[in-house]
Amino acid sequence: MTEVWGSSGTGEEEGPRQAPGTPCWTGLLVHDLEATKEFYGALFGWSYYDPGPRHLGPYVRATLGGRNVAGIGELPHDRQLAGSWTTYLASDDADVCAEWIHCAGGTVGVGPLAAERTGRLVLAADPAGASFGVWQGQRLLGSRPERTPGTPVWHELVTHDASVVLKFYRALFGYEAKAAGDMDCETVTLHVGGQPVAAIRSAGPALRQPHWMPYFEAADVDAASRRVTELGGRVVSAPQETPAGRVATVTDPEGSAFTLLRTAR
C-alpha cells in the first residue's frame, strides 16, 4: 500500500500524467521485505532505495539504471493477508473514481488519500474481487528503453468472466474494448486513445482468486524460469510461445504471481 508515499529520492524528473485507465505503476506487498528484495534483485538485477517518509510501513522502490520500476512494501506483522502484485491505473480525479467504484459494484479499501506531495491514491477491488489501485498524480515510472529486461511491459486482469467485469472497468475509465479469443479462453483488450494498454482474460470458475497480473520483460524466459526455481520461487505455467512472445507464469517465494515475457520481435 505504500508504493506512492515519499519523494522520488533519485533526482529523476517525474513525467506528465498518463491517460486515465493506463497502467502507471506496479506495487508488491510482502511479509519479508529483505528476502523479497534479494529474490527480485537476483532475478531482474533490481537495485533499491528508500523514497523517504511514509506512514504505512517499510517500503522501497526498485530501480533499473536509476529509473523507477516498481514498489515493494512490507505488510504489518499482524496482517495475515497473502502478498500480491497490484496494478495502479491512472486517473485525473481519484475522488471521482472512488465514487464510481462504489456505484459500479466495487469496493474501496483505502482512500482516496493524499500521497505526500505527489498525488492521491485509492486501493480498491472490482466486483469479482480483484484488487487494483487508482493513482492521480505525476507519472511514477521513470522513462526507460522499451522492452528492457526486468521492467513491467503489460498488465492483464485474470478473472472468472471477462464480460462481467468489463462493464465495471469501462464505466470507470471509458475503455474501448476489442475481443480476441480461442477455444481455451476469452480475452478482451482494453484501449485508451486507440492504443492497447491492458487486457482482461476469462479463466473460468476454477480460478481461485481474480487478480491483476504484471508481465515483466525477460531476455530469456526459459533461463529466467529456471532462475525463479533456484531462488525459491515456482513455475506455474511452463514457457510457451504465444502471439505476444514467449511467456511463463511464475511466483516468487511468497506466492505472488507474475509473468515473464520475451516480447515477440
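**A walk from helix H2 into the core**

Let's start at a small turn: just after helix H2, Gly-105 takes a positive phi of about 95 degrees. Keep in mind as you look around that this is a predicted model.

Now step back to the other end of the helix. At the start of H2, the backbone nitrogen of Asp-95 has a side-chain oxygen of Asp-93 within 3.1 Å.

Between those two ends, which residues of H2 are buried? They are Ala-94, Cys-97, Ala-98 and Ile-101. If you look down the axis of H2, these buried residues fall within an arc of 100 degrees, so they line one face of the helix. The spacing fits a familiar rule: an α-helix has 3.6 residues a turn, so residues three or four places apart point the same way. Turn to the other side of H2 and you'll find Glu-99 and Cys-103 exposed.

What do the buried residues of H2 pack against? Their partners are strand S6 (107–115), S7, S8 and H3. Ile-101 is a good residue to click on here. Leaving aside its neighbours within four places in sequence, Ile-101 is in contact with a list of residues that includes Val-108, Val-122, Phe-132, Val-134, Phe-168 and Leu-172.

That leads us to the bigger picture. The largest nonpolar core has 27 residues, and Ile-101, Phe-132 and Tyr-169 touch the most other members. Several elements each supply at least two residues of this core: helices H2 (94–103) and H3 (162–173), along with strands S7 (119–125), S8 (131–137), S11 (186–192) and S12 (195–202). H3 gives the most, with seven residues. There's also a second, separate core, this one of 24 residues, with Leu-28, Tyr-40, Val-221 and Val-250 among them. As background, in soluble globular proteins, nonpolar side chains tend to be buried together.

Finally, have a look at strand S9, which spans residues 152–159. Is S9 mostly covered or mostly open? It's mostly covered, with six of its eight residues buried. S9 has strand partners to trace as well. Six bridges join S9 to strand S13 (residues 211–217), and these two run antiparallel; as one example to find on screen, Glu-156 has Met-213 of S13 as its bridge partner. Four bridges join S9 to S12, and here the strands run parallel. In that pairing, Val-158 is matched with Arg-201 of S12. S12 also takes us back to where we were, since that strand is one of the elements supplying at least two residues of the largest core.

Methods
Residues numbered from 1 in each chain as written. Predicted model: local features only at pLDDT ≥ 70, side-chain atom pairs only at ≥ 80, totals over all residues. Heavy atoms only, no water. Core = buried A, V, L, I, M, F, W, Y, C linked by side-chain atoms within 4.5 Å. Buried < 20%, exposed > 50% of the residue type's maximum accessible area, 1.4 Å probe, protein only. Contact = heavy atoms within 4.5 Å. Arc of directions from axis to C-beta. Polar contact = N/O pair within 3.5 Å; in protein donor to acceptor, adjacent residues only side chain to side chain. Pairing = 2+ DSSP bridges.
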